[in-house]
Amino acid sequence: MKSIRKKLFLGILLILSIFIIGIIAYGLTFKGFFIKYKLREMEEAIIKIESNIKANGEYKAINFINEISDNYNIQVQIIDTVNKKIIYGNHGYGGGFGGKFEKLQTISEGKESSGIILRDKSTGADFLSLIKESKDGYVIVARIAISNINESVHKSLELLIIVLIPITIIAIFLTSFYANSFTKPIIKITKKISKIENLDFEDELNIKSNDEIGKLATSVDNLSQKISSYLEDLKMNNEMLKKMIEKEKENERLRKEFVSSVSHELKSPIAVISGYSQMLNKDIIQSEKDKKYYLNVISDETNKMQIIVNDLLDLYKFESNTFKINKKKIDIDLLITKTLEKLKFKLEKSNIQLKVHIEEAEVFVDEIRIEQVIINYINNAISHVDHRRYIRVITIKEEESVKISVFNTGKNIEEKDLDKIWIGFVRLDKVRNYKENRVGLGLAIVHQIVKLHDGECGVENKSDGVEFWIRLKIFRDNKLLDNS
């Protein structure tokens, strides 16, 4: 931006230089121009005098001649060429009549008049003179001192210089002020653009101006904000993409683990069923008691395979959105009470100390699937309760929802594994100590069922155990019954 200042100063200096050159040219040419101008004036004065003399006579024209002499600021002489005497004027004639003037230079020659420079022999003063010979036998001489012309030139030059000096000072001051005011926003804009190049979008220009520079500053600010916003969006998208890639890698690993887990879960009962069936078919086992035992094992393994297949089918239907839930209005407190009654024998057999706190609330849900969620939570709690054998079931009615939680005493889940437990076939021997007869699909099914109900599910580590919870919206609109 310094170059802009220099250009402005050079521009002003150029203008001032033109003024100075003009003054010099004026000083060199003004004298010649003024001489020609005075010759025209004197010729005009002579013509007027000549006309008046013809009309009124030589002596009667004296007053008029005096008036013309004063008006044109010239000296006038009228000389009788016949009698060789001065009719008007108080100076001798040196133009060939031997007076006190001598001819120095002829400036112009005309048919009736001549412009010459005369020098007064007595004083040495030079005069610009115009001489015209009349047909009536006399000569009219008009003259002006050259010193007057020089004085006019000098005074005009002095006036120009006097005027030019303050103008120059004011111009330099205004140029400096204008250069600063003009270049300051441009410098700020340039610095801002440099910062944008370095991806720094913090500072705003805040240049308040209605001209093109103000519009440019506003455009730069807007551009900076847009680029900053685009970069933030790009950064966010990149982070999301990075997470998606990482998640996809994790999902790929989990898919492989899922396939491996399914294969393992099905491989064991198939191997047992196949081996025991072959032994029974070949009559290797003779004892009826042993046969009954092996048939019971085959039946148990078949049931286990049936459970795995059913859970897999349920999980597939939930995840593929092909399963349609049948919602209706129910009392969640009654549903939980009924579900706990079904599990009473299992809880007593496992020597579980159960504590229940249930608040009344109406929800609009698929009763069978929500019961499945509660059963899975309680079965999960039974499988992981520690030696204290304590389980707590609580429902809390909130402003817009009801929270159902199942707590069991036991070992906490590691923070890094809290999200993994909702994925199918995640074994507790990796996250918690799952029992070997559980296939690890219960929590995955819970997650999908709650998702279909637009609810929430989660898990929290407590100081003495783990709490699993779901949150369902409270029923408030009877129109939902019509849409179900």
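1. Let's start with helix α2, residues 62-72: its buried residues are I65, I68, S69 and Y72. Looking down the axis of α2, you'll find those buried residues within an arc of 100°, so they line one face of the helix. That fits the usual geometry: an α-helix has 3.6 residues a turn, so residues three or four places apart point the same way. Bear in mind throughout that this is a predicted model.

2. Turn to the other side of α2 and you meet exposed residues, namely N63, D70 and N71. Just after the helix comes N73, and its phi is positive, near 55°. Worth a glance when you look at how α2 ends.

3. Next, strand β11, which covers residues 401-409 and includes N408. Is N408 buried or exposed? Its relative accessibility is 1%, so with buried meaning under 20%, N408 counts as buried. The side chain of N408 has a polar partner to check: one of its polar atoms lies 3.4 Å from the backbone oxygen of H384.

4. Last, have a look at L452, which sits in helix α9 (residues 442-452). L452 has a relative accessible area of 21%, so it comes out as partly exposed. The cut-off matters here, because buried means under 20%. Which residue should you view alongside L452? Try I325: the two are 127 residues apart in sequence, with 7.7 Å in space from C-alpha to C-alpha.

Key:
Residues are numbered from 1 along each chain as its sequence is written. This is a predicted model: local features need pLDDT of at least 70, side-chain atom pairs count only at pLDDT 80 or more; totals for chains, interfaces and linings use all residues. Side-chain values use heavy atoms; hydrogens and water are left out. Helices (H or I, at least four residues) and strands (E, at least two) are DSSP runs, numbered from the N terminus. Buried means under 20% relative accessible area, exposed over 50%, partly exposed in between (1.4 Å probe, protein chains only). A polar contact is a pair of N or O atoms within 3.5 Å; within protein, one must be able to donate a hydrogen and the other to accept it, and residues adjacent in sequence count only if both atoms are side-chain atoms. The arc is that of the directions from the helix axis to the C-beta atoms.
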